[in-house]
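The following report describes one protein model, beginning with a single element of its fold and working outward to the chain as a whole.

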Amino acid sequence: MALERYDRHMPFHMGTVPPPDGYEITPLEVAVGDTPGRRDGIDRHGRMYNDQAFDIGEFSLASYIMMVARGEPFTATPIFPRRLFSHNHMFVNVESGIEAPADLIGKKVGIWSFQTTLCVLAKGDLKLSYSVPWEDIHWIRQHNEELPWTPPKNLSIEDVPAGKDVPQMLVDGEIDAFFHPLPPPAVLARTDRVRRLFADPRHEATSYFRRNGFFPIMHLLVFHQSLIDAEPELPLKLIAYWEEAKRQATLYYQDPGFSELAFARNEFEAQRDMLASDLWPSGLEANRKNLEQFIEYVADQKLIDEPIPVESLFHHSVLNT
(Lines give C-alpha, C1' and ligand atoms only; values in the text may rest on other atoms or scores of the structure.)
Protein backbone atom coordinates (compact mmCIF):
# COMPACT_ATOMS: atom_id res chain seq x y z
CA MET A 1 0.00 0.00 0.00
CA ALA A 2 1.71 3.16 -1.25
CA LEU A 3 1.00 6.33 0.76
CA GLU A 4 2.44 9.76 1.41
CA ARG A 5 3.80 10.52 4.90
CA TYR A 6 0.91 12.50 6.37
CA ASP A 7 0.11 12.63 10.08
CA ARG A 8 -3.00 10.50 9.52
CA HIS A 9 -0.82 7.81 7.92
CA MET A 10 1.82 7.70 10.63
CA PRO A 11 -0.04 4.95 12.54
CA PHE A 12 0.30 2.74 9.44
CA HIS A 13 4.03 3.35 9.23
CA MET A 14 4.41 2.89 13.01
CA GLY A 15 2.58 -0.42 12.89
CA THR A 16 -0.03 0.58 15.49
CA VAL A 17 -3.08 -0.20 13.32
CA PRO A 18 -3.84 -3.91 12.93
CA PRO A 19 -4.76 -4.81 9.34
CA PRO A 20 -8.15 -6.34 8.59
CA ASP A 21 -8.46 -9.99 9.64
CA GLY A 22 -6.90 -12.31 7.12
CA TYR A 23 -4.69 -9.70 5.45
CA GLU A 24 -1.09 -8.59 5.64
CA ILE A 25 -0.63 -5.00 4.47
CA THR A 26 2.79 -3.40 4.07
CA PRO A 27 2.57 0.42 4.06
CA LEU A 28 5.18 2.07 1.84
CA GLU A 29 6.09 5.74 2.02
CA VAL A 30 6.04 6.77 -1.63
CA ALA A 31 5.88 10.37 -2.78
CA VAL A 32 5.00 11.94 -6.12
CA GLY A 33 6.87 14.35 -8.32
CA ASP A 34 10.42 15.46 -7.66
CA THR A 35 10.67 14.62 -3.96
CA PRO A 36 14.10 13.12 -3.15
CA GLY A 37 15.17 11.25 -0.05
CA ARG A 38 12.06 9.15 0.50
CA ARG A 39 12.63 5.69 1.89
CA ASP A 40 10.46 3.88 -0.63
CA GLY A 41 10.83 6.24 -3.54
CA ILE A 42 8.85 8.68 -5.65
CA ASP A 43 6.41 8.77 -8.59
CA ARG A 44 3.63 6.95 -6.76
CA HIS A 45 0.94 7.74 -9.33
CA GLY A 46 3.01 6.73 -12.34
CA ARG A 47 4.25 3.52 -10.75
CA MET A 48 0.71 2.57 -9.70
CA TYR A 49 -0.77 3.24 -13.13
CA ASN A 50 2.02 2.18 -15.49
CA ASP A 51 4.03 -0.40 -13.57
CA GLN A 52 1.48 -2.01 -11.21
CA ALA A 53 4.12 -1.55 -8.52
CA PHE A 54 1.59 -1.52 -5.66
CA ASP A 55 -1.60 -3.41 -4.89
CA ILE A 56 -3.18 -0.36 -3.23
CA GLY A 57 -2.22 3.23 -3.83
CA GLU A 58 -3.07 6.78 -2.87
CA PHE A 59 -3.90 8.25 -6.26
CA SER A 60 -4.88 11.49 -8.02
CA LEU A 61 -8.66 11.97 -8.12
CA ALA A 62 -8.62 13.72 -11.53
CA SER A 63 -6.48 11.06 -13.23
CA TYR A 64 -8.54 8.30 -11.63
CA ILE A 65 -11.79 9.78 -12.98
CA MET A 66 -10.18 9.77 -16.43
CA MET A 67 -9.16 6.12 -15.93
CA VAL A 68 -12.71 5.12 -15.03
CA ALA A 69 -14.14 7.00 -18.00
CA ARG A 70 -11.73 5.09 -20.24
CA GLY A 71 -12.59 1.70 -18.74
CA GLU A 72 -9.17 1.08 -17.20
CA PRO A 73 -8.93 -1.99 -14.89
CA PHE A 74 -8.94 -0.19 -11.55
CA THR A 75 -11.44 0.35 -8.77
CA ALA A 76 -11.47 2.32 -5.52
CA THR A 77 -12.85 2.68 -2.03
CA PRO A 78 -14.16 6.01 -0.63
CA ILE A 79 -11.10 6.79 1.48
CA PHE A 80 -9.61 10.20 0.76
CA PRO A 81 -6.05 10.63 2.08
CA ARG A 82 -5.36 14.14 0.77
CA ARG A 83 -7.51 17.27 0.64
CA LEU A 84 -6.62 20.88 -0.14
CA PHE A 85 -8.33 24.23 -0.61
CA SER A 86 -7.26 25.70 -3.94
CA HIS A 87 -7.15 29.26 -2.55
CA ASN A 88 -3.92 28.57 -0.67
CA HIS A 89 -2.09 27.32 -3.77
CA MET A 90 -2.44 30.17 -6.27
CA PHE A 91 0.60 32.44 -6.53
CA VAL A 92 1.23 35.54 -8.62
CA ASN A 93 4.24 37.64 -9.53
CA VAL A 94 4.13 40.96 -7.69
CA GLU A 95 4.59 42.88 -10.96
CA SER A 96 1.92 40.96 -12.89
CA GLY A 97 -0.83 43.48 -12.23
CA ILE A 98 -3.01 40.71 -10.79
CA GLU A 99 -4.96 42.01 -7.80
CA ALA A 100 -8.13 39.92 -8.07
CA PRO A 101 -9.11 36.60 -9.70
CA ALA A 102 -10.58 38.37 -12.75
CA ASP A 103 -7.14 39.79 -13.52
CA LEU A 104 -5.96 36.27 -14.44
CA ILE A 105 -7.89 36.49 -17.71
CA GLY A 106 -5.44 36.68 -20.59
CA LYS A 107 -2.45 35.96 -18.35
CA LYS A 108 0.18 33.22 -18.45
CA VAL A 109 -0.34 30.73 -15.61
CA GLY A 110 2.03 27.88 -14.80
CA ILE A 111 0.75 24.47 -13.71
CA TRP A 112 2.26 21.07 -12.93
CA SER A 113 0.00 19.50 -15.57
CA PHE A 114 -3.50 20.21 -16.84
CA GLN A 115 -4.95 17.12 -15.12
CA THR A 116 -3.17 17.57 -11.77
CA THR A 117 -6.03 17.44 -9.28
CA LEU A 118 -5.18 20.71 -7.52
CA CYS A 119 -4.94 22.46 -10.89
CA VAL A 120 -8.31 21.03 -11.99
CA LEU A 121 -9.80 22.22 -8.70
CA ALA A 122 -8.28 25.70 -9.03
CA LYS A 123 -9.54 26.10 -12.61
CA GLY A 124 -12.99 24.89 -11.60
CA ASP A 125 -13.19 27.03 -8.47
CA LEU A 126 -12.13 30.14 -10.37
CA LYS A 127 -14.85 29.57 -12.94
CA LEU A 128 -17.61 28.61 -10.50
CA SER A 129 -16.92 31.00 -7.63
CA TYR A 130 -15.25 33.97 -9.33
CA SER A 131 -16.56 33.88 -12.93
CA VAL A 132 -13.05 33.46 -14.32
CA PRO A 133 -13.21 31.05 -17.30
CA TRP A 134 -10.22 28.73 -17.48
CA GLU A 135 -10.63 28.95 -21.28
CA ASP A 136 -9.48 32.60 -21.14
CA ILE A 137 -6.11 31.85 -19.52
CA HIS A 138 -2.87 30.80 -21.25
CA TRP A 139 -1.49 27.71 -19.49
CA ILE A 140 2.21 26.83 -19.19
CA ARG A 141 2.64 23.13 -18.36
CA GLN A 142 5.69 21.94 -16.39
CA HIS A 143 5.27 18.16 -16.82
CA ASN A 144 3.70 15.60 -19.10
CA GLU A 145 0.19 14.48 -18.23
CA GLU A 146 -0.08 11.40 -16.01
CA LEU A 147 -2.60 9.88 -18.42
CA PRO A 148 -2.04 10.63 -22.11
CA TRP A 149 -4.46 13.36 -23.17
CA THR A 150 -4.83 15.49 -26.27
CA PRO A 151 -5.86 19.09 -25.48
CA PRO A 152 -8.77 20.49 -27.49
CA LYS A 153 -7.68 22.66 -30.41
CA ASN A 154 -8.99 25.89 -28.91
CA LEU A 155 -7.15 25.43 -25.59
CA SER A 156 -4.28 27.87 -25.06
CA ILE A 157 -1.60 25.62 -23.55
CA GLU A 158 2.09 25.09 -24.09
CA ASP A 159 4.85 23.10 -22.44
CA VAL A 160 7.55 24.90 -20.52
CA PRO A 161 10.44 25.87 -22.83
CA ALA A 162 13.49 23.62 -22.72
CA GLY A 163 15.83 24.51 -19.90
CA LYS A 164 13.20 26.54 -18.08
CA ASP A 165 11.57 25.88 -14.71
CA VAL A 166 8.03 27.14 -14.07
CA PRO A 167 8.60 28.28 -10.45
CA GLN A 168 11.66 30.27 -11.48
CA MET A 169 9.74 31.69 -14.42
CA LEU A 170 7.22 33.05 -11.91
CA VAL A 171 9.97 34.61 -9.80
CA ASP A 172 11.53 36.15 -12.91
CA GLY A 173 8.20 37.47 -14.20
CA GLU A 174 8.19 35.33 -17.35
CA ILE A 175 4.78 34.03 -16.30
CA ASP A 176 2.16 35.85 -14.26
CA ALA A 177 0.84 33.18 -11.91
CA PHE A 178 1.44 29.63 -10.75
CA PHE A 179 -0.87 26.95 -9.27
CA HIS A 180 0.78 24.03 -7.48
CA PRO A 181 -0.25 21.49 -4.80
CA LEU A 182 3.22 21.57 -3.20
CA PRO A 183 4.69 25.03 -3.80
CA PRO A 184 8.47 24.77 -4.10
CA PRO A 185 10.91 26.81 -1.99
CA ALA A 186 11.73 28.99 -5.00
CA VAL A 187 8.18 30.33 -4.77
CA LEU A 188 7.61 30.35 -1.02
CA ALA A 189 10.92 32.02 -0.20
CA ARG A 190 10.70 34.91 -2.68
CA THR A 191 8.23 37.14 -0.91
CA ASP A 192 9.87 40.10 -2.67
CA ARG A 193 8.79 38.65 -6.03
CA VAL A 194 5.82 36.36 -5.35
CA ARG A 195 2.67 36.52 -3.25
CA ARG A 196 -0.54 34.54 -3.01
CA LEU A 197 -3.41 35.55 -5.26
CA PHE A 198 -5.69 35.88 -2.26
CA ALA A 199 -4.46 38.20 0.49
CA ASP A 200 -6.41 36.15 3.04
CA PRO A 201 -6.64 32.59 1.67
CA ARG A 202 -7.94 31.28 4.99
CA HIS A 203 -10.95 33.58 4.76
CA GLU A 204 -11.61 32.52 1.15
CA ALA A 205 -11.30 28.83 2.03
CA THR A 206 -13.52 29.15 5.08
CA SER A 207 -16.18 30.90 3.00
CA TYR A 208 -15.88 28.13 0.40
CA PHE A 209 -16.39 25.49 3.09
CA ARG A 210 -19.46 27.25 4.44
CA ARG A 211 -20.96 27.49 0.96
CA ASN A 212 -20.16 23.96 -0.15
CA GLY A 213 -19.83 21.96 3.06
CA PHE A 214 -16.64 20.08 2.18
CA PHE A 215 -12.86 20.19 2.27
CA PRO A 216 -11.98 19.37 -1.36
CA ILE A 217 -10.69 15.88 -2.11
CA MET A 218 -7.35 15.51 -3.89
CA HIS A 219 -6.62 11.78 -3.64
CA LEU A 220 -8.45 8.51 -3.07
CA LEU A 221 -7.39 4.93 -2.39
CA VAL A 222 -7.23 2.88 -5.59
CA PHE A 223 -6.81 -0.85 -6.31
CA HIS A 224 -5.94 -2.90 -9.34
CA GLN A 225 -9.14 -4.63 -10.42
CA SER A 226 -7.42 -8.03 -10.41
CA LEU A 227 -6.72 -7.73 -6.68
CA ILE A 228 -10.34 -6.92 -5.85
CA ASP A 229 -11.64 -9.68 -8.10
CA ALA A 230 -9.67 -12.02 -5.84
CA GLU A 231 -10.41 -10.14 -2.58
CA PRO A 232 -13.84 -8.50 -2.95
CA GLU A 233 -14.20 -7.81 0.79
CA LEU A 234 -11.08 -5.65 0.94
CA PRO A 235 -12.54 -2.25 -0.20
CA LEU A 236 -15.07 -2.22 2.63
CA LYS A 237 -12.65 -3.53 5.24
CA LEU A 238 -10.10 -0.85 4.42
CA ILE A 239 -12.49 1.93 5.45
CA ALA A 240 -12.37 0.83 9.10
CA TYR A 241 -8.61 0.33 8.78
CA TRP A 242 -8.06 3.91 7.60
CA GLU A 243 -10.53 5.38 10.10
CA GLU A 244 -8.61 3.76 12.97
CA ALA A 245 -5.37 5.32 11.74
CA LYS A 246 -7.10 8.70 11.51
CA ARG A 247 -8.46 8.28 15.05
CA GLN A 248 -5.00 7.56 16.40
CA ALA A 249 -3.48 10.50 14.53
CA THR A 250 -6.14 12.84 15.92
CA LEU A 251 -5.20 11.78 19.45
CA TYR A 252 -1.66 13.02 18.84
CA TYR A 253 -2.97 16.57 19.02
CA GLN A 254 -4.22 16.13 22.57
CA ASP A 255 -0.61 16.72 23.57
CA PRO A 256 0.29 20.42 23.13
CA GLY A 257 3.89 19.32 22.66
CA PHE A 258 3.18 16.91 19.82
CA SER A 259 4.06 19.35 17.04
CA GLU A 260 7.05 21.64 16.69
CA LEU A 261 4.48 24.39 16.00
CA ALA A 262 3.98 26.25 19.27
CA PHE A 263 0.24 26.73 18.77
CA ALA A 264 -0.62 23.51 16.94
CA ARG A 265 -3.17 22.50 19.59
CA ASN A 266 -4.81 25.93 19.41
CA GLU A 267 -5.04 25.65 15.62
CA PHE A 268 -6.51 22.17 15.97
CA GLU A 269 -9.24 23.51 18.24
CA ALA A 270 -9.88 26.56 16.04
CA GLN A 271 -10.28 24.41 12.93
CA ARG A 272 -12.72 22.14 14.72
CA ASP A 273 -14.80 25.09 15.90
CA MET A 274 -14.62 27.07 12.63
CA LEU A 275 -15.15 24.27 10.13
CA ALA A 276 -16.07 20.78 11.38
CA SER A 277 -15.08 18.16 13.91
CA ASP A 278 -14.17 15.81 11.06
CA LEU A 279 -12.93 17.33 7.79
CA TRP A 280 -11.84 13.91 6.51
CA PRO A 281 -14.97 11.72 6.33
CA SER A 282 -14.81 8.40 4.55
CA GLY A 283 -17.73 6.82 2.73
CA LEU A 284 -19.62 7.67 -0.42
CA GLU A 285 -22.59 9.65 0.87
CA ALA A 286 -20.55 12.03 3.05
CA ASN A 287 -18.49 12.91 -0.03
CA ARG A 288 -21.08 12.73 -2.81
CA LYS A 289 -21.50 16.50 -3.29
CA ASN A 290 -17.74 17.03 -3.44
CA LEU A 291 -17.27 14.21 -5.96
CA GLU A 292 -20.17 15.30 -8.17
CA GLN A 293 -18.86 18.85 -8.36
CA PHE A 294 -15.35 17.68 -9.16
CA ILE A 295 -16.53 15.32 -11.89
CA GLU A 296 -18.30 18.31 -13.44
CA TYR A 297 -15.00 20.22 -13.33
CA VAL A 298 -13.18 17.35 -15.06
CA ALA A 299 -15.79 17.15 -17.80
CA ASP A 300 -15.96 20.92 -18.27
CA GLN A 301 -12.17 20.99 -18.71
CA LYS A 302 -12.44 18.39 -21.51
CA LEU A 303 -10.49 15.72 -19.63
CA ILE A 304 -13.46 13.35 -20.09
CA ASP A 305 -16.19 13.49 -22.71
CA GLU A 306 -19.08 13.84 -20.25
CA PRO A 307 -19.76 13.51 -16.53
CA ILE A 308 -19.81 9.97 -15.16
CA PRO A 309 -21.86 8.69 -12.20
CA VAL A 310 -20.18 8.97 -8.81
CA GLU A 311 -21.00 5.31 -8.18
CA SER A 312 -18.83 4.27 -11.13
CA LEU A 313 -15.73 5.36 -9.22
CA PHE A 314 -16.11 2.70 -6.52
CA HIS A 315 -16.36 -1.02 -5.98
CA HIS A 316 -19.96 -2.17 -5.58
CA SER A 317 -19.33 -3.29 -1.98
CA VAL A 318 -18.88 0.29 -0.74
CA LEU A 319 -21.80 2.02 -2.49
CA ASN A 320 -23.91 2.08 0.67
CA THR A 321 -21.23 3.67 2.82
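In this predicted model, strand 11 is covered on both of its faces, with His219, Leu221 and Phe223 buried on one side and Leu220, Val222 and His224 buried on the other. Six of the six residues of the strand, which spans residues 219-224, are buried, so strand 11 is largely enclosed by the rest of the structure.

Two pairings involve this strand, and both are antiparallel: strand 3 is joined to strand 11 by five bridges, while strand 4 pairs with strand 11 over four bridges. The table sets out these pairings, with one bridge from each.

| Strand paired with strand 11 | Residues | Sense | Bridges | One bridge |
|---|---|---|---|---|
| Strand 3 | 56-60 | antiparallel | five | glutamate 58 with leucine 221 |
| Strand 4 | 74-77 | antiparallel | four | phenylalanine 74 with histidine 224 |

Leucine 221, the bridge partner of glutamate 58, and histidine 224, the bridge partner of phenylalanine 74, lie on opposite sides of strand 11, and both are buried.

A second site to examine is asparagine 290, which is placed in helix 11, a helix that runs over residues 288-300. Is asparagine 290 buried or exposed? Its relative accessible area is 4%, which is under the 20% limit, and asparagine 290 is therefore buried. When residues up to four places away in sequence are not counted, asparagine 290 touches Arg83, Phe214, Phe215, Pro216 and Ile217. The C-alpha atom of asparagine 290 is separated by 16 Å from that of alanine 76, a residue 214 positions away along the chain.

Turning to open space, the second largest pocket holds about 150 Å³. Its lining consists of Met1, Tyr23, Glu24, Ile25, Thr26, Asp55, Ile56, Leu227, Glu231 and Leu234, and by class these comprise six nonpolar, one polar and three charged residues. Ile56, one of the lining residues, also belongs to strand 3, whose residues are 56-60.

At the level of the whole protein, there are 11 helices and 11 strands, and 52% of the 321 residues are buried. Among the contacts with a separation of 6 or more, 75% are between residues 24 or more positions apart. Taken along the principal axes, the C-alpha atoms fill a box of roughly 60 × 50 × 40 Å. The radius of gyration is 20 Å, which agrees with the value near 20 Å that a compact globule with 321 residues would have.

Terms used
Residues are numbered from 1 along each chain as its sequence is written. This is a predicted model: local features need pLDDT of at least 70, side-chain atom pairs count only at pLDDT 80 or more; totals for chains, interfaces and linings use all residues. Side-chain values use heavy atoms; hydrogens and water are left out. Buried means under 20% relative accessible area, exposed over 50%, partly exposed in between (1.4 Å probe, protein chains only). Two strands pair if DSSP finds at least two bridges between them. Contact means heavy atoms within 4.5 Å. On a 1 Å grid over the protein atoms alone, a cavity is a set of points where a 1.4 Å probe fits but cannot get out, and a pocket is an open set with protein on both sides within 12 Å along at least five of seven lines; lining residues have an atom within 4 Å of a point. Grid points are joined across faces, edges and corners, and a volume is the space filled by probe spheres set on the points. Ala, Val, Leu, Ile, Met, Phe, Trp, Tyr, Cys and Pro count as nonpolar, Asp, Glu, Lys and Arg as charged, and the others, Gly among them, as polar. The radius of gyration is taken over C-alpha atoms; the globule rule is 2.2 Å times the number of residues to the power 0.38.
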